[in-house]
Amino acid sequence: MMLYAISGADVTDSLSGRKQARTAHLDRIATLRDAGRLVLAGPHPAIDSTEPGESGYTGSLIVAEFQSLDAAIAWASADPYMAAGVWSKVTVKPFIQVAP
């Protein structure tokens, strides 16, 4: 098992799609968390605020443990944000946690 950084880039005006797919997206992340495989996950706000409101988001970052790069890519590709057209693309890279 190795860590992988999954970075999803949002399409323009993704907020309504995010709202529709959010529960399913968070359920998948909760499955990683419950299995002890999640390091961190969260969105990138479009403005410098923890509550961006209608400004929305520009993407998401998930760092989690997978069996292989192919497994991480497959997981990311099946995310509800991909199916809903929220993410325009996803980048998956191996990640080595140095701190904390």
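Good morning. I shall begin with one residue, D13, which is exposed, with a relative accessible area of 73%. D13 sits in the loop between β1 and α1. Its backbone deserves a remark as well: D13 has a positive phi of about 55°, although it is not a glycine. As general background, most residues other than glycine have a negative phi, and most peptide bonds are trans. Please keep in mind throughout that we are looking at a predicted model.

The second backbone feature is found at the end of the chain. A99 and P100 are joined by a cis peptide bond, with omega at about -10°. P100 belongs to the segment after β4.

Let me now turn to the overall architecture. The chain contains three helices and four strands. Followed along the sequence, these elements give the pattern β-α-β-β-α-α-β. The C-alpha trace spans about 40 × 30 × 25 Å along its principal axes. For 100 residues, a compact globule would have a radius of gyration near 13 Å, and the chain, at 13 Å, agrees with that. Of the contacts between residues at least 6 apart in sequence, 74% join residues at least 24 apart. As for burial, 32% of the 100 residues count as buried. The accessible surface of the chain amounts to about 6000 Å², and carbon and sulfur atoms account for 54% of it.

I come next to the interior. Which residues of the largest nonpolar core touch the most other members? They are I6, I62, F66, W75 and V92, in a core of 15 residues. Five elements each supply at least two residues of this core: the strands β1 (2-10), β3 (57-66) and β4 (87-95), and the helices α1 (15-34) and α2 (69-77). W75 makes a good example. Setting aside residues up to four places away in sequence, W75 touches I6, R28, I29, L32, I62 and F66.

W75 also leads us to helix α2, whose buried residues are A72, W75 and A76. Seen down the axis of α2, these buried residues fall within an arc of 95°, so they line one face of the helix. The general background is that an α-helix has 3.6 residues a turn, so residues three or four places apart point the same way. The cover over the buried residues of α2 includes β1, α1, β3, α3 and β4.

Within this helix, I would single out A76. A76 is buried, with a relative accessible area of 1%. Beyond its neighbours within four places in sequence, A76 is in contact with I6, M82, W87, V90 and V92. As for V90, the C-alpha atoms of A76 and V90 are 7.1 Å apart in space, while the two residues are 14 apart in sequence.

The last topic is charge pairing. In general terms, side chains of opposite charge can pair when their charged atoms come close. The structure holds four salt bridges, and I shall discuss some of them.

The side chains of R18 and D10 form a salt bridge, at 2.7 Å from N to O. Are these two partners buried or exposed? Both R18 and D10 are buried. R18 lies in helix α1, and its relative accessibility is 6%. Apart from neighbours within four places in sequence, R18 is in contact with D10, P43, Y57, G59, S60, Y81, V86 and W87.

A further salt bridge joins the side chains of K19 and E54, at 3.7 Å from N to O. K19 lies in helix α1 and E54 in the loop between β2 (38-45) and β3, so this pair ties together parts that are 35 residues apart in sequence. Both K19 and E54 are exposed.

Another of the salt bridges is formed by R28 and D79, whose closest N and O atoms are 3.2 Å apart. This pair, too, links distant parts of the chain: R28 is in helix α1, D79 is in the loop between α2 and α3 (80-83), and 51 residues separate them. D79 is buried, with a relative accessible area of 0%. R28 is also one of the residues that W75 touches, which brings us back to the core.

To close, I would ask you to retain two points from this predicted model. The buried residues of α2 line one face of that helix. The salt bridge between R18 and D10 has both of its partners buried. Thank you for your attention.

Definitions and conventions: Residues numbered from 1 in each chain as written. Predicted model: local features only at pLDDT ≥ 70, side-chain atom pairs only at ≥ 80, totals over all residues. Heavy atoms only, no water. Core = buried A, V, L, I, M, F, W, Y, C linked by side-chain atoms within 4.5 Å. Buried < 20%, exposed > 50% of the residue type's maximum accessible area, 1.4 Å probe, protein only. Contact = heavy atoms within 4.5 Å. Rg over C-alpha atoms; globule rule 2.2 N^0.38 Å. Areas by Shrake-Rupley, 256 points an atom, 1.4 Å probe, with all protein chains shown as cover. Arc of directions from axis to C-beta.
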